[in-house]
Amino acid sequence: MQFVAFERALQGTGASRRLRITGKTPGIVYGGTGEPQLIEIDHNALWHALKKEAFHSSVLDMHVAGTTSKVLLRDVQYHPYKPLILHIDFQRVDASTKLSLKVPLHFKGEEESSAVKIDKCLVNHIANEVEITCLAADIPEFIEVNLSALTKGQTIHASDLQLPKGVKVAVHGKVNPSIVSVSAPVAEEAPAAE
């Protein structure tokens, strides 16, 4: 994905407030070999871009002052109750940079599994995203989890995920975190006759 940003000269609370009044969102781009760069982005275009899942989990092309840089979205600050983006942070990356970031999981095939069709089990999605480490060039937009082979009482762990080449799950001390579990339906007992 790509987006257009503009350089901004002024910083501080007052300058940022005046910028937001004109329909722009202040931001910063840091990392890489260059100095941190102050930017401003059209608020409405940014609001719609943030609704797309790919904007959060892929390398973006940012056009500023005639140059294009590869960046990753690192932080977004929203207003507590208004539909307003207060500030946005990006990190410069290149293809050889090793990164750690969260990627969403897409589940498919749940209805076709024997656990759901035959045993009427409940499939519990324990995690909706997983943290990965990989090179910037290898970042997947999402990781697909195929649930069509689920059986009663089965659990899918992080080690069971089909990961793209060069991508590893960051477990942070947990041995093998659970992603999906299947629980059998609980039958209600009829009240005993007195």
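User: Before we start, what counts as a contact here?
Analyst: Contact means heavy atoms within 4.5 Å of each other. Also keep in mind that this is a predicted model.

User: Okay, so which residues is Ser-113 in contact with, leaving aside its neighbours within four places in sequence?
Analyst: Those would be Leu-147, Ser-148 and Leu-150.

User: And where is Ser-113 found?
Analyst: Look in the loop between strand E7 (98-108) and helix H4 (114-117).

User: Is Ser-113 buried or exposed?
Analyst: Ser-113 is buried, since its relative accessible area is 0% and the cut-off for buried is under 20%.

User: New topic, the barrel. In what order do the strands close?
Analyst: Six strands go round as E1-E3-E2-E6-E5-E4, with mixed pairing. On average, neighbouring strands in this sheet are turned by 45° against each other, ignoring direction.

User: How do E1 and E3 pair, antiparallel or parallel?
Analyst: Antiparallel: E1 (residues 2-7) and E3 (residues 37-42) share two bridges. Phe-6 has Glu-40 in E3 as its bridge partner.

User: What does helix H2 touch on the sheet?
Analyst: H2 (residues 43-50) packs against E2, E3, E5 (67-78) and E6, and its direction makes about 85° with that of E3.

User: Which residues of H2 are buried?
Analyst: His-43, Leu-46, Ala-49 and Leu-50 are. They sit on the same side of H2, because they cover an arc of only 130° around the axis.

User: What covers them?
Analyst: The cover includes E2, E3, helix H3 (53-56), E5 and E6.

User: And which exposed residues are on the face turned away from that buried side?
Analyst: That face of H2 carries Asn-44 and His-48.

Note on methods
Residues numbered from 1 in each chain as written. Predicted model: local features only at pLDDT ≥ 70, side-chain atom pairs only at ≥ 80, totals over all residues. Heavy atoms only, no water. Helix = DSSP H or I, 4+ residues; strand = E, 2+ residues; numbered from the N terminus. Buried < 20%, exposed > 50% of the residue type's maximum accessible area, 1.4 Å probe, protein only. Pairing = 2+ DSSP bridges. Axes fitted to C-alpha atoms, helices over the stretch in contact; angles between N-to-C directions. Arc of directions from axis to C-beta.
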